[in-house]
Amino acid sequence: METLHFKFGAGERPLTGAAQMVGVVGSGNLEVLIEAAPLGGACEIDVHTAAVGFGAIWGAVMEDFHARWRLADARISINDNGATPAVVSLRLDQAVESLLGPATGGTP
Amino acid sequence: MSSYLELTARQRIPAMFDAGSFEEFLPPSKRIASPHLAQLDAPVSYDDGVVVGRGLLGGHIVFGAAQEGAFMGGAVGEVHGAKLVGMLRRAIDEGAHAVLLLLESGGVRLHEANAGLIAVSEVMRAMLDVRAAGIPVVAVVGGANGCFGGMGIAARCANTVIMSEEGRLAMSGPEVIETANGVEEFDSRDRALVWRTTGGKHRYLLGDCQLLVADDTAAFRAAALEAIAALGAGAVGLTLEGLLAEQAMLARRLHDAEGVSEPMEIWRRLGVPDPARVPMLEADAFLTLAAQHRAGLPSDAAHTGEQ
């Protein structure tokens, strides 16, 4: 297992509502827990992944995610069992949409 | 129609309970994950593969759980089992109208060894305690992973088992039998054979499952409501009389299956006229056919009592 931590500042979209979880820690899949948290406007993402050594790819996926949503005061926790980058991106969007509704701004 | 089989545990809960009524105990945000998997450097889940809580079903307070088959095959670890047991005990404390268990599990999570074994036995005992308190317990088996091992036994500790044809219920799973006894004994890759020996239709014909429905969330919900309403009228606790009748039914079944290795032959002995047709029938047509030939029903006191 490998644990990765990402933090993005200068978010614009604060989260509200109860924590939500989407996805399942099945083979090639992941669960994403998303919660509102007082982080001074930041979005923090913790990743626990079974696939060791893919930190750079996770970093790229997370930067794309932050560019799409620019979340503020958001904590995201991921348990991953070898999901591909595309699946990770879809799950992250699903998680955000479970709290905020479908995307209105940004370009996917 | 909306498939029950295709849903995750978290999607099944709102499909079965009254809209917006379910309150989860120990939700994922509490991060109560398996300490054993972490020690083994294996992925964990923040719900340890099971959703437990309390909601409304047909307006009544019903406690419930849904196992997630995609996380470690729905297998029961220490935390997973403790969540089930805690929910069952609370159902007694709060005088629940019923308990609804959406089961999908390979049984004990072998990574957790004795802790998992003890957890499953505690689940069984808690289910019987719930029944002893006069609260009906209904188990639903309709997920892709079926219900096997200790959870297969636990399912049969419920008053009523609801299945779809696609659901499977047994003790040892197909791969376990093949590994232990050889491919000549059981070919786990023969899917038709696997479903003939463990699938919902076989279980219904043998009397292990009391309600069979098509793989449809609305049909499962309607069956759960029907089962709980029927059970509400009678005694739901385990009785010596019920156990003896069950034992007699099992002895008769063993006798009836003497020397038979093919489920279709057992169906033929039950009087099903053209057993080869059974796997091809839709749920309604199958139920019409099965009505006259099911083992255990209606002559079997244990099962009529459970209905």
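## Notebook: chain B of a predicted model

I began with Met72(B), which lies in the loop between β3 (60-67) and α3 of chain B. I am working from a predicted model, and I looked up the backbone here, where Met72(B) has a positive phi of about 55 degrees although it is not a glycine. Most residues other than glycine have a negative phi. I then counted its surroundings and found 28 other C-beta atoms within 10 Å, so Met72(B) is buried, the cut-off being 20 or more.

I looked next at Asp48(B), another non-glycine residue, with a positive phi of about 50 degrees. I placed Asp48(B) in the loop between α2 (35-39) and β2 (50-57) of chain B, and I noted that it counts as buried because 25 C-beta neighbours fall inside 10 Å.

I turned to the helix pair α3 (residues 78-93) and α4 (residues 113-132) of chain B, whose axes are 8 Å apart and which pack at an angle of about 15 degrees. Because angles under 35 degrees count as roughly parallel, I entered α3(B) as roughly parallel to α4(B). I recorded the crossing of α3(B) and α4(B) as left-handed. On the α3(B) side I listed contact residues including Leu84(B), Val85(B), Leu88(B) and Ile92(B), and on the α4(B) side I listed, among them, Ala119(B), Val120(B), Val123(B) and Met127(B). By class, the residues of this contact divide into 13 nonpolar, three polar and four charged.

I then asked which residues of helix α7 (residues 191-198) of chain B are buried, and I found Val194(B), Trp195(B) and Thr198(B). Viewed down the axis of α7(B), these buried residues fall within an arc of 90 degrees, so I noted that they line one face of the helix. An α-helix has 3.6 residues a turn, so residues three or four places apart point the same way. I also looked up what covers the buried residues of α7(B), and the cover includes α6 (174-181) and α8 (200-206) of chain B.

I checked Gly271(B), which sits in the loop between α11 (263-269) and α12 (283-290) of chain B. Here I counted 11 other C-beta atoms within 10 Å, so Gly271(B) is exposed, for which the limit is 12 or fewer. From C-alpha to C-alpha, I read 9.8 Å between Gly271(B) and Ala295(B), which are 24 residues apart in sequence.

Last, I looked at the contact between the chains, which takes 12 residues from chain B and 15 residues from chain A. On the side of chain B that touches chain A, I sorted the residues into seven nonpolar, three polar and two charged.

Definitions and conventions. Residues numbered from 1 in each chain as written. Chains lettered and ligands numbered in written order. Predicted model: local features only at pLDDT ≥ 70, side-chain atom pairs only at ≥ 80, totals over all residues. Axes fitted to C-alpha atoms, helices over the stretch in contact; angles between N-to-C directions. Helix = DSSP H or I, 4+ residues; strand = E, 2+ residues; numbered from the N terminus. Parallel < 35°, antiparallel > 145°, perpendicular 65-115°, else oblique. Left-handed = near helix turned anticlockwise from the far one by under 90°. Contact = placed C-beta atoms within 7 Å. Nonpolar A, V, L, I, M, F, W, Y, C, P; charged D, E, K, R; others polar. Arc of directions from axis to C-beta.
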